[in-house]
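Here is a short tour for anyone meeting this structure for the first time. Have the sequence and the 3D view at hand, and follow along at your own pace.

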Amino acid sequence: MRFSFYLFLAVLSSIIVLFILLPIVATLSTQFYDFDGLLEALGDKAVWNSILLTYYAAMLSTLIAVVFGTPLAYLLARYGFPGKSIIEGITDVPVVIPHTVAGITLLAVFGSNGLIGSFSPVKFVDALPGIVVAMLFVSIPIYINAAREGFSSIDIRLEQVARTLGASPSRVFFTISLPLVARHIAAGAIMSWARAISEFGAIIVIAYYPMVAPTLIYERYVSTGLSAARPVAVILILLSLAVFVVLRLLLWGQKR
Amino acid sequence: MQKRSVAMFVVFATLLGGCIQGIQDSKKITSGQTEAEVTEKIVLKVFHAGSLTEPMKAFKKAFEEKCPNVEVQCEAAGSAATIRKVTELGRTADIVASADYTLIPKMMYPDYANWTVMFAKNQIVLAYTDKSKYANEINSENWYQILRRPDVKFGFSNPNDDPCGYRSQMVLQLAELYYNDSTIYDDLVAKHSNLKFVEENGIYILRMPKSEDINPDTSKLMIRSMEMELIHGIETGEIDYYFIYRSVAQQHNHRFIELPPQIDLSSAEYADIYKKVKVVLANGKGVVGKPIIYGITIPESAEHKEYAEKFIELIVSKEGQRILKELGQPPVVPSVDNVDNLPEDLKEYVKP
């Protein structure tokens, strides 16, 4: 019985892993037959510029998510207050909004005549800040949920003990709670960074230029075709995979 | 042991199957159709240029009324991307319609299609809204002076991706010739990007850089991949003016100025003038200025050729031409490229 259960787990798990893996392997292996195309893309400055821009913008978006999302996550994990479930619902809204619509709504706020864009000295449309807000909008739920899970998982008695010993709430937060959830925060940050990198639909509405990697891939596909778009996609996949593995290993090492 | 696990899987698979069946059943119930009708429902897939979105919606409605057993599914994209869905992504479409009929012979002949029906024309206009700067001043004479003003922002789609984009460039260059003012294109576009026309043997050629190198000054120009994406820009007041097909401007209730027919690519009469401008796209393909004519075809791989033919029949029929006209897209007397390959049923509609 035990064996059949393990078999059950193994078969179903492998199906879902294959489902994820097959399209990626197919893309990579097709590219292998067009190795020259890959080399050409590797030597293309525009490709690297767009990938670096993507990583950089995603990093900024993640930093903002950590700074503003962590207190909210703590609030949601620790306190009950009227309207809490509404706030929880609001933080999840970006997940269900279609990306193009997200882009259009962001344009209404951050566009030159938008609520914020009309007086903001920072220009959002077709500029880096526009990319960052688009990325932040779609990736923030992932971070907040991960951090909230973290805060929920720590033993509340540790905080209470610190309080009885005379530590102020802020001291408890910064010296007890925060260090305990560091791993959750890091894991959440990595996931939201990754989600930001993959964003396309919202970004092209608010900032077609400067071109992030997903826009460049789409652009190459539309203007030249699949053969020009695929190498860029392959580079982005491999590089992101490498960054991911390294970050995960670092996290894993910390756990030990 | 193993028997058990097999049995478990059978149970599991049956459950899963049951679930899917259940979902399908509930769908049938909600749409109020009998099983027989559901299995007979034919899906006709139409891939079309973004600027045909409104006419296609109208054709879909008219066609589904005529053939209730058919569901027309429309998918909009830039014309080149539309064709690539069939030629490169290997997707099946029953109809492909492009905003530039020449793309079909160029990109689809001979493997993916082998005839093209030309069914409508269009013209490039300069569209705006009441909120646009100098909206009360602009007219067909002074439009390029208004665009020159430093506080005016305007947009066009990416010439590499979208026929409307390279056509806008042609219009601006033709304006230089028509108004006898050789700085129009420079002031409006060249100064604010890496796009530049050069004269070679009396032909004005724009060699497009790669899209990532267009480098537009985004405080003056807004560029988007597809013309339809500029609509967000004009409606939120991000830009004041944009170059667009007349039909699209009319369908979105934007105000627009008609440009002189010598430059707006609308009229076969001025084809010789349009020929003086050329855009070489980043992928190496050259396009010479010519009147805007829409093309439609049935790809070789179409699954429902019979219904696809009926759909095209509707478009080229009197009713279809009336729909086009109402939506600001003047129809043309349908003509055809590679008439020998045209399905018999369509031959009576097109001029020989």
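Is E212(B) buried or exposed? With a relative accessible area of 16%, E212(B) is buried, because buried means under 20% relative accessible area. Please keep in mind throughout that this is a predicted model.

## A salt bridge between chains

E212(B) is a good place to begin. The side chain of E212(B) forms a salt bridge with R220(A), and the closest N and O atoms are 2.3 Å apart. R220(A) belongs to helix α11 (residues 213-223) of chain A, while E212(B) sits in the loop between β8 and β9 (221-224) of chain B, so the pair joins two chains. R220(A) is buried too, at a relative accessible area of 9%. These two residues also belong to a network of salt bridges that links D44(A), R220(A), K210(B) and E212(B).

## Salt bridges within a chain

Over all chains, the count comes to 27 salt bridges. One of them lies within chain A: E88(A) forms a salt bridge with R148(A), with the closest N and O atoms 2.9 Å apart. This pair links distant parts of the chain, since E88(A) is in helix α4 (residues 84-96) and R148(A) is in helix α6 (residues 128-153) of chain A, 60 residues apart. E88(A) counts as partly exposed, at 23% relative accessibility.

Chain B offers another example, in which R149(B) and E137(B) meet at 3.0 Å, N to O. R149(B) lies in the loop between α6 (143-148) and β6 (154-157) of chain B, and E137(B) lies in the loop between β5 (124-128) and α6 of chain B, so the pair ties together parts that are 12 residues apart in sequence. R149(B) is partly exposed at 26% relative accessibility, and E137(B) is partly exposed as well, at 39%.

The three pairs are set out here for easy reference.

| Salt bridge | Closest N to O distance |
|---|---|
| R220(A) and E212(B) | 2.3 Å |
| E88(A) and R148(A) | 2.9 Å |
| R149(B) and E137(B) | 3.0 Å |

## A sheet and its helix in chain B

Now turn to the strands. In chain B, 4 strands form an open sheet with mixed pairing, in the order β7-β8-β12-β13. Its edge strands are β7 (197-200) and β13 (286-288) of chain B, each of which pairs on one side only. On average, neighbouring strands of this sheet are turned by 25° against each other, direction ignored.

Which helix packs on this sheet? It is α7 (residues 163-179) of chain B, which touches β7, β8, β12 and β13 of chain B; the direction of α7 makes about 145° with that of β12(B).

Inside the sheet, β8 (residues 203-207) and β12 (residues 277-280) of chain B run parallel and are joined by 4 bridges. R207(B), for instance, has V280(B) in β12(B) as its bridge partner.

## Nonpolar cores

In soluble globular proteins, nonpolar side chains tend to be buried together. Here the largest nonpolar core has 140 residues, and W143(B), F243(B) and F311(B) touch the most other members. Helix α7(B) supplies the largest share of this core, 8 residues.

F243(B) shows how such a residue is surrounded. Leaving aside neighbours within four places in sequence, the contacts of F243(B) include I124(B), W143(B), F154(B), V171(B) and L259(B). Apart from this core lies another, of 16 residues, among them A147(A), F151(A), I154(A) and V181(A).

## Aromatic rings

The count of aromatic pairs over all chains comes to 26. In chain A, the rings of F173(A) and F174(A) have their centres 5.0 Å apart and their planes at 80°, so the pair is edge-to-face. F173(A) is buried at a relative accessible area of 12%, whereas F174(A) is exposed at 53%.

In chain B, the rings of W143(B) and Y179(B) are also edge-to-face, because their planes stand at 65°, with centres 6.1 Å apart. This pair links distant parts of the chain: W143(B) is in helix α6 of chain B and Y179(B) in helix α7 of chain B, 36 residues apart. W143(B) is buried at 0% relative accessibility, and Y179(B) is buried at a relative accessible area of 18%.

Ring pairs also gather W143(B) and Y179(B) into a cluster with Y144(B), F154(B), F156(B), Y178(B) and F243(B).

Note on methods: Residues numbered from 1 in each chain as written. Chains lettered and ligands numbered in written order. Predicted model: local features only at pLDDT ≥ 70, side-chain atom pairs only at ≥ 80, totals over all residues. Heavy atoms only, no water. Pairing = 2+ DSSP bridges. Axes fitted to C-alpha atoms, helices over the stretch in contact; angles between N-to-C directions. Contact = heavy atoms within 4.5 Å. Salt bridge = Lys/Arg side-chain N within 4 Å of Asp/Glu carboxyl O. Buried < 20%, exposed > 50% of the residue type's maximum accessible area, 1.4 Å probe, protein only. Core = buried A, V, L, I, M, F, W, Y, C linked by side-chain atoms within 4.5 Å. Phe/Tyr/Trp six-rings, centres within 6.5 Å; stacked < 30°, edge-to-face > 60°.
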